[in-house]
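Me: Please take a close look at how the domains of this chain are laid out and how they meet, and set that against the overall build of the chain.

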There are 2 protein chains.
Amino acid sequence: MGSTTNASFGLTVYRGTFIQLPRLPDTGAVKAKPELVRNQGALWVSAADGRIKGWDWQAHDDARFAELMTRNGWVDIDVDVDGQGSKTKVKIVTASEEKNEFFFPGFIDTHIHAPQYPNAGLFGSSTLLGWLETYTFPVESGFGNQPDPKTGYQQQTKAGETPLAAQTIYDQVISRTLSHGTTCASYFATIHIPATNALATLCKKHGQRAFIGRVCMDNPDFCPKYYRDFSAEDSLTATKATIAHIQSIDPTGSLINPILTPRFAPSCTRPALESLGALAASYSPPLHIQTHIAENTNEVTLVNDLFPEAGSYAAVYDRYNLLTPRTILAHAVHLSKDEKALIAKRDAKISHCPASNSALGSGIAPVRSFLDVGITVGLGTDVSGGYSPSILEAARQTCLASRLLGHTAAFEMEFECGHSHVKGEDEKQKQKEREDEAARVKLSVPESLYLATRGGAAVVDMADEIGGFDLGMLWDVQLVQLGAVKGLPESPLDDGEGDRVDLVRPGPVGNVDLFGTETWEEKVEKWLWNGDDRNVKAVWVAGRLVHSRV
Amino acid sequence: MGSTTNASFGLTVYRGTFIQLPRLPDTGAVKAKPELVRNQGALWVSAADGRIKGWDWQAHDDARFAELMTRNGWVDIDVDVDGQGSKTKVKIVTASEEKNEFFFPGFIDTHIHAPQYPNAGLFGSSTLLGWLETYTFPVESGFGNQPDPKTGYQQQTKAGETPLAAQTIYDQVISRTLSHGTTCASYFATIHIPATNALATLCKKHGQRAFIGRVCMDNPDFCPKYYRDFSAEDSLTATKATIAHIQSIDPTGSLINPILTPRFAPSCTRPALESLGALAASYSPPLHIQTHIAENTNEVTLVNDLFPEAGSYAAVYDRYNLLTPRTILAHAVHLSKDEKALIAKRDAKISHCPASNSALGSGIAPVRSFLDVGITVGLGTDVSGGYSPSILEAARQTCLASRLLGHTAAFEMEFECGHSHVKGEDEKQKQKEREDEAARVKLSVPESLYLATRGGAAVVDMADEIGGFDLGMLWDVQLVQLGAVKGLPESPLDDGEGDRVDLVRPGPVGNVDLFGTETWEEKVEKWLWNGDDRNVKAVWVAGRLVHSRV
């Protein structure tokens, strides 16, 4: 396995098993239930642009692979470098069948707060608004200077003055997310210009595709004095400064892009929201936008109190032109039917963050109802409302939460409203319909993995570029290793009489145990339910190797 | 680190940090909210019986530890074995402070189906009754002979005829649970005598404390022909055969004990239930019993249809003397108030299995309501309704599920019934009370870990023996390693200009990232939320080292 940044060869040829979700006609949405697709053979990626140039699903044995090489005039750079001057050197990366390895599209984390990473797993039993005050604002404020002792306000740090602790945290969160197979992340940073710029620079260094958002929060009635923008104008100016930095380090936006980030409605004044909406629209294509919506019932009440003129939470954003096809709305646990319709109409996207929603007791987002009305959905870890930087964990929690949805009061109310039953209707029939609906709203393993890849790609408006193995797509991919079927003594019962100490033995990788009886779809299910970063053997972004386990 | 089965020394002295939950006055129950307790110093365990003989919480530095050694006339077997004839040789095991290691009581898995382990993570989107038919009965039936081609019945295999695949599965599930820190498990086996006996023998070999239950299921109206006991009488006879084997390999029951295991009410005829209740009572103390209760609403309906005379699911078991202080009832998601009162009155125990309940969409068990009425609760993985063999994962899911409880229709109904509001009452006040109740039913990290240790100990009726560091308790313990604070380059931003490939770097162990700012309670929280088997460095049962990571 090697980095394709070495320009001494033109192509990398990936051999083995490729598993992905199909791209559905309805971009990003999963109205049609996606099933896993497997191909075995070879696929090649250009070293020049990191894009998929072709494949051959016939070349799944050595003979036919050799034939493919000969036909194309390719020669393996690792075994035959001399005397083949006329041939094209290619790098070959093989996924081992015996070790149950397969290539899978990289995960896309559509909602993650990079500075909160030190708090992953720390939230006590708090809910959203208390958690912000107790855990979140204090840690985020540490990414800039100490508050001025006279005014109590935090100064924006000057260029280059990112605290070392902040750099360390950003470095670690990028390493961690890469190690879990996240090839693209949409990051909330903090309000600080230098630290936000440092996050962008570090993502570029690590080679992780990223959207970087300086957090806008200027409402003095909600944000603490020690951690907020001075004014709507300052908020805009500071945001523009981070955009300028990002565009200076990646002028074509091939890897790192800015994303406008009003924290959420309560933290922003009307002028701030307005100016951000206008800023987004002033670009062509418009800038990406990310924010939160309807995570928690008290938050919804707060927004309705603060913006009585809007009529709904979603309408607040719409009023300020922040509900666009390039807007990521995190959470969406407590949306009204009208809000869902509005979001669908504007083609704004939803980032589903089930680990966070469960951990903070926010509730269960009714994902199926989003898909029903054609809203595009991806997954987010929401570190550190979410405790884990892993999108595989988010996919697992997506399955779990959807299986509990049928037990919620919200589901019950929706069911009662949606089904105008004839009076005197058979109670058993009604119960049957309720069960069918509870079953329908469940998200399957393939659906969750769809949301984690194709869905996320559409959420960041890159459905043509990442999320699968389509021709021309970027090679943003993870190599998953489940491990071999475990070798055991002939008979465990006859394994000597003495005491023994259990050591970790070869065979399985991590916690995925295969017994040799599983179908390939079942192997993927086992990965979803018991897999972790140990199963991520290698990660590439745009063809560049960015993470590898020894 | 060494095994204390080497009798050349009399004591093992464990040095470092010890974290546990306190034993509450109300055995097993958590009516008082337990908080984590930490001690630093030394604790010693007898090699002869594997029990805790004393501790010194003053001996937390080298000087005072040396003083402790001298005072007791102890000498470290590893550094000074000669010329100290009059002194007592002791083995010293140290938990490293720098690597954030600490001793923690071993986990107790109060509900796990050993033969279902190959299905961990395989359940599609099924619910209980369909899952049994599609996934469970087929795999369990493989632990005996093929069904007789003439009769279609499965013969009980003869002694010694445990399929190799079955041995392999049992061997692996024991290895896996040990690697996750499970020192004691209450296992459901299958209906087969030889395979059940093999499970007991393998637990003894591995050194895992276990309760082993041959599954009783003789109801021809519910159980498939290819996998059931021939009759109630055969069910009893076969059960007695496995009890005889277990008592032959562990006459004093110091490690392995039998447990009567009527699968659940629908799978058993009335004569079978009756004879099992009588068999339990014929022993002194009575035999342990385990079964399922009220996991799924359709199952509850089925039981009410099958046993109309009983009045409730719990009452079915009570009618046949199966509701005893040594009975483990798994799940208990959908109990009535009367059933909870009956279970409390009989002092029967509940095994809470949240990973399974979420995965199969069974619902959320209202654990706080059990504790409110004084029912003892422990945790179960319920492999393979539960996807994970880890009790740490069960503890995590306990926290998550309890945070979603306030959103369920069942909670809403309970709240409405329990709070007789004055007409015209302030809606805001009512909302506040609802929120307070939703907050009250949440289970904290310490509470979940209490259930995983002290709670589980009480569930298996061993509250005096295991689950903590009390004087005289068995050393059933795990050594947890979180790892050091990660070392990083001076400034990640200045770390050279070239591309880099992220490799797994030293510092953190597994997915727990420490930044040096955490309190010790927060370190435990981080372990709960992001820990896995990588953080289990060593495991002892009754002082014997049974698992170790290299």
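Reply: This is a predicted model, and within it 73% of the contacts in chain A with a separation of 6 or more are between residues 24 or more positions apart. The domain assignment of chain A gives two segments to each domain: domain 1 is made of 1–106 + 475–550, while domain 2 is made of 113–398 + 444–459. In contact with each other, they bring in 37 residues from domain 1 of chain A and 34 residues from domain 2 of chain A, and their centres, taken over C-alpha atoms, lie 33 Å apart.

As for the chain that holds these domains, the secondary structure of chain A amounts to 16 helices and 19 strands. Its radius of gyration is 25 Å, close to the 24 Å that the globule rule gives for 550 residues, so chain A is as compact as a globular protein of that length. The C-alpha trace of chain A, followed along its principal axes, spans about 70 × 70 × 55 Å.

Turning to burial and surface, 63% of the 550 residues of chain A count as buried, where buried means under 20% relative accessible area. The area that chain A exposes is about 19,100 Å², and 52% of this is supplied by carbon and sulfur atoms. Chain A also carries 52 positive and 67 negative charges, and the mean positions of these two sets are 3 Å apart.

Conventions:
Residues numbered from 1 in each chain as written. Chains lettered and ligands numbered in written order. Predicted model: local features only at pLDDT ≥ 70, side-chain atom pairs only at ≥ 80, totals over all residues. Heavy atoms only, no water. Helix = DSSP H or I, 4+ residues; strand = E, 2+ residues; numbered from the N terminus. Rg over C-alpha atoms; globule rule 2.2 N^0.38 Å. Buried < 20%, exposed > 50% of the residue type's maximum accessible area, 1.4 Å probe, protein only. Contact = heavy atoms within 4.5 Å. Areas by Shrake-Rupley, 256 points an atom, 1.4 Å probe, with all protein chains shown as cover. Lys, Arg positive; Asp, Glu negative; His and termini not counted. Charge placed at Lys NZ, Arg CZ, Asp CG, Glu CD. Domains from an automatic or database assignment.
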